[in-house]
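Biologist: I would like to learn how to read a contact between two chains, and then how to read pockets. Could you take me through one example?

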Amino acid sequence: MIDSTQLWIVILGLGAGSFALRFSFLGIIGKRPLPEWVLRHLRYTAVAVLPGLIAPLVLWPAATGGEPDPARLTAAAVTLLVGITTRNVLAAIFGGAIALYGMMYLIS
Amino acid sequence: MASASSKSAYWKGFKDGAPFLLVVGPFGVLFGVVATEAGLNITETMAFSIMVIAGAAQFTAIQLMQDEAPTLIVLATALAVNLRMAMYSAALTPHLGSAPLWQRACIAYFTVDQSYAVSAAQFEKTPDWTLSQKIAYFFGAVTPVCPMWYVVTWIGAYAGTAIPPEFALDFAIPITFLAIIAPLLRTLPHVLACATSVILALSFAWVPYNLGLLIAALGAMMVGAQAELMLSRRIKP
């Protein structure tokens, strides 16, 4: 269970921090351009954070006590494949969900 | 006539933003469901979507709090997910930077993936638009997307309590994130950064306080940036 004090600190802190990031250049720094090396690193934030966040969840899901699970592994692979081929987020989510439920039905 | 052209710019923005309802709708419902599953009540779930208004960072924070990560790590990692917002802010500044401060503050709050994407593309096409036309377009694009984010979060939070565990909703976050990542893997540096992130996160999973993820993210960003640099040097004569 998530602690309620921690939760509110995170909500308020994340809200303020996200606003600061969005306001940064528009509000304070103005029209001066960012150094190229900073922009170059910022371009990779999404692909640098999100894969690392979910890799353990895919390999060692808590719902199966940390044991690799064929249904979840298949669902992850299908989501990735559909996403790469269609470049469509919704299609990938639906593909992954169908694979997950299909595999769980077949295995059970 | 400035007011008439601002009006048409607003509606053009509205029309360009509207298709994103298809993405924002299910994504917001999913956040409401996942937050409720994690034990958040309606007020807490709604506060999350209204204060933060950034899906990926919200999912990240919920996941890390469920893993009992310390507050500072939760904030640092979720904010790292949102670092791209600083890039959006920098990209919009040449177009909207001369607006009054209160308008810039409103624009900043509503700077999300969708409003940034359509506005950046539009301002590139029509650089001769006036400031008021550009602002009208931006808020036009925001109108269908952001209020809907609150509404669908609320729907998900209500529906969430009714969904039994057989539906394996624990896997909603991994599937959603994989679906977001896959279309981003469009260049070799992106693929290398992604692979680095996975390898480092798994090998540093033993590091306490979920610090392994931050190590992985920093390493992956450096690999992506370096790979881009090396590729561009090779292409240049």
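Modeller: Begin with who takes part. This is a predicted model, and the contact takes 92 residues from chain B and 67 residues from chain A.

Biologist: What area is buried between chain B and chain A?

Modeller: About 7000 Å² is buried between the two chains, and carbon and sulfur atoms give 77% of that area.

Biologist: How many salt bridges does the rule find across the interface of chain B and chain A?

Modeller: A salt bridge pairs a side-chain nitrogen of Lys or Arg with a carboxyl oxygen of Asp or Glu, within 4 Å. The rule finds one across this interface. Glu228(B) is joined to Arg43(A), and their closest N and O atoms are 2.7 Å apart. There are also 17 residue pairs in polar contact across the interface, counted where both residues are at pLDDT 80 or more.

Biologist: Which classes of residue make up the side of chain B that touches chain A?

Modeller: That side has 68 nonpolar, 17 polar and seven charged residues.

Biologist: Now the pockets. How is empty space found?

Modeller: A probe the size of a water molecule is rolled over the atoms, and this shows where empty space is left. Here the largest pocket has a volume of about 1100 Å³. Its lining has 38 residues, and the closest to the pocket centre are Arg84(B), Tyr88(B), Asp113(B), Gln114(B) and Ile180(B).

Biologist: Which elements give two or more residues to the lining of the largest pocket?

Modeller: Both chains supply some: helices H3 (45-59) and H5 (89-107) come from chain A, while chain B gives H2 (21-37), H4 (55-66), H6 (84-96), H8 (113-125) and H9 (131-160). By class, the lining divides into 27 nonpolar, five polar and six charged residues.

Biologist: What is the volume of the second largest pocket, and which residues are the closest to its centre?

Modeller: Its volume is about 750 Å³. Of the 31 lining residues, the closest to the centre are Leu57(A), Ala62(A), Gln63(B), Gln66(B) and Asp67(B). Two or more residues each come from H3 of chain A and from H2, H4, H10 (172-181) and H12 (211-235) of chain B. The largest share, four residues, is from H3(A). The classes in this lining are 23 nonpolar, five polar and three charged.

Biologist: Last, how many helices and strands does chain B have?

Modeller: Chain B has twelve helices and zero strands. Along its principal axes, the C-alpha trace of chain B spans about 60 × 60 × 30 Å.

Definitions and conventions: Residues are numbered from 1 along each chain as its sequence is written. Chains are lettered from A and ligands numbered from 1 in the order in which they are written. This is a predicted model: local features need pLDDT of at least 70, side-chain atom pairs count only at pLDDT 80 or more; totals for chains, interfaces and linings use all residues. Side-chain values use heavy atoms; hydrogens and water are left out. Contact means heavy atoms within 4.5 Å. Buried area is the accessible area (1.4 Å probe) that two parts lose on being put together, summed over both. A polar contact is a pair of N or O atoms within 3.5 Å; within protein, one must be able to donate a hydrogen and the other to accept it, and residues adjacent in sequence count only if both atoms are side-chain atoms. Ala, Val, Leu, Ile, Met, Phe, Trp, Tyr, Cys and Pro count as nonpolar, Asp, Glu, Lys and Arg as charged, and the others, Gly among them, as polar. On a 1 Å grid over the protein atoms alone, a cavity is a set of points where a 1.4 Å probe fits but cannot get out, and a pocket is an open set with protein on both sides within 12 Å along at least five of seven lines; lining residues have an atom within 4 Å of a point. Grid points are joined across faces, edges and corners, and a volume is the space filled by probe spheres set on the points.
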